[in-house]
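Student: I would like to learn how to read a model that holds protein chains and DNA strands. Please take me through it feature by feature.

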There are 2 protein chains.
Amino acid sequence: MSITSKRTDPRVIRTRQLIGDAFIHLLQEIELEKITVNRIAQRATINRVTFYLHYRDIPDMMERMADKMINDINAILQNAPNQSLPIENDWSMLVKILEYIAENSNFYKVLLATKRIPVFNERLLKLMVDEITSRIEERGASSMSVPKDIVIWYVSSAFIGTIVSWLRNDMPYTPLFLAKQLSLLAPFTSKYDQPIDQE
Amino acid sequence: MSITSKRTDPRVIRTRQLIGDAFIHLLQEIELEKITVNRIAQRATINRVTFYLHYRDIPDMMERMADKMINDINAILQNAPNQSLPIENDWSMLVKILEYIAENSNFYKVLLATKRIPVFNERLLKLMVDEITSRIEERGASSMSVPKDIVIWYVSSAFIGTIVSWLRNDMPYTPLFLAKQLSLLAPFTSKYDQPIDQE
DNA sequence: TAATTATACAACAAAGTGTTTATTAGTTTC
DNA sequence: GAAACTAATAAACACTTTGTTGTATAATTA
């Protein structure tokens, strides 16, 4: 990221890893509201002051972790973005994201599917809105009867919500299969291009 | 609710109203994580101890407020549940919910659309899952190609997500119009009954 | 090796939590 | 209206959490 980044001090990496792991484990035991800097430091076997050297407070720490998540996913989306498939049938984006989440499911089951931790879902939703918006824009002026913004709201939250439920139910489908179903359900095919049932 | 409920002491109603209002107003000024019992009591002009007379802590208070929201919506859904329309085209449920939310938008814009307050969305999602599940069950064994649970995950979160975005954007469409669009986007019509594009 | 930087440790004031006890004020019942 | 009841207030309490400071120690890098 930073141009002149001398590679990070291994102690910093270690400490942040310890903090992140401690947080993830605590989330599986107690509710977010009960998690304190004290407990995190204790569980991470670091001094409490060290926490403040890295993060302003717990919400800030979560924000930074969400940054990392979005960066990782964005990197995956950048690598090999276009398939030979036409855009309206291209679920390669979905497959990649789902595979990445499945590979790190220990991590993301806690961060995305635990109730009451909206930060990560919010960020993922924003990324999805952007992706879907650009996909819809690229299709040019379609004659779809439903307003664009509603379609974007609808599909983005449907995708995120389905992923969360899939995680909460311990991923009963393969990433590829789920991606196919999502693309079947998404109103991106030509059948929606003619106005339907307007009244 | 309770059979032998002598009607509630007006002081209790007043106090809970003050607490709720104070909470809503604080949410518009500072982040949820920064809201304390101290501040709520101060803003509500009640003694801090009085808060603990009614709620265990802030998460408990939010849970009780969510109970109330779900009860209200359920009551609305119970009143005049079935239209003459066939189930797969019945958006009367959606219209009712949207109208109710629009009427109390000052309240629900904060509780549903403010980032980082997932309790209410979680509860509303659960209600929506139940509603949609029963709707899908009633349709009997359909030959829809997408697994039922995925459809339920998809549609429920799409509905809730769209409502949240609609609130965040200050309700640019009427409840009736939005309900129509949602029903257009939901894969409940017969077009989904034949397997499509299975491979 | 020397300079730099991260972490540990101890201590601090300020704020928040949750509870108890006694007192005041409002509501209901007869 | 008086008596009985219940809610809210007020002061105090031990305790935890927060965010910060100064100093010492250990690890990393140049």
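The dialogue below goes through the chains, the domains and the DNA surfaces of this predicted model.

Student: Which rotation superposes chain B on chain A?

Tutor: To compare two copies, look for the turn and the shift that lay one on the other. Here a rotation of 180° with 0.0 Å of shift along its axis brings chain B onto chain A, at an RMSD of 0.0 Å. The two copies are therefore related as by a two-fold rotation axis.

Student: Which residue of chain B comes closest to the rotation axis?

Tutor: B:Ala158 does, with its C-alpha at 2.0 Å from the axis. Both copies use the same surface, since 100% of the contact residues of chain B recur in chain A.

Student: How many residues does each chain bring to the contact?

Tutor: Two residues are in contact if their C-beta atoms lie within 7 Å. Chain A brings 28 residues and chain B brings 27. On the chain B side, at least two residues each come from α7 (118-138), α8 (148-168) and α9 (175-185). The most come from α8(B), which gives ten residues.

Student: How does that side of chain B divide by class?

Tutor: The side of chain B that touches chain A has 14 nonpolar residues, seven polar and six charged.

Student: What domains does chain A have?

Tutor: A domain assignment splits a chain into stretches. For chain A it gives domain 1 (1-54) and domain 2 (58-192). Nine residues of domain 1 of chain A are in contact with eight residues of domain 2 of chain A. On the domain 1 side, α1(A) gives the most, with five residues. By class, that side has six nonpolar, two polar and one charged residues.

Student: Which residues come nearest to DNA strand C?

Tutor: For a DNA strand, list the residues around it, then ask which elements they belong to. Around DNA strand C there are 20 residues, and the nearest are A:Arg11, A:Thr15, A:Asn47, A:Thr50 and B:Val37. Two or more residues each come from α1 and α3 of chain A and from α1, α2 (37-44) and α3 of chain B. This surface near DNA strand C has eight nonpolar, five polar and seven charged residues.

Student: And which residues are the closest to DNA strand D?

Tutor: DNA strand D is surrounded by 19 residues, with A:Val37, B:Arg11, B:Thr15, B:Asn47 and B:Thr50 the closest. The elements giving two or more residues are α1 (10-29), α2 (37-44) and α3 (48-54) of chain A, along with α1 (10-27) and α3 (48-54) of chain B. The classes near DNA strand D are eight nonpolar, five polar and six charged.

Technical notes. Residues are numbered from 1 along each chain as its sequence is written. Chains are lettered from A and ligands numbered from 1 in the order in which they are written. This is a predicted model: local features need pLDDT of at least 70, side-chain atom pairs count only at pLDDT 80 or more; totals for chains, interfaces and linings use all residues. A residue is near a molecule or strand if its C-beta atom, placed from the backbone, lies within 6 Å of it. Helices (H or I, at least four residues) and strands (E, at least two) are DSSP runs, numbered from the N terminus. Ala, Val, Leu, Ile, Met, Phe, Trp, Tyr, Cys and Pro count as nonpolar, Asp, Glu, Lys and Arg as charged, and the others, Gly among them, as polar. Domain bounds come from an automatic or database domain assignment. Copies are superposed by least squares on the C-alpha atoms of residues with pLDDT of at least 70 in both.
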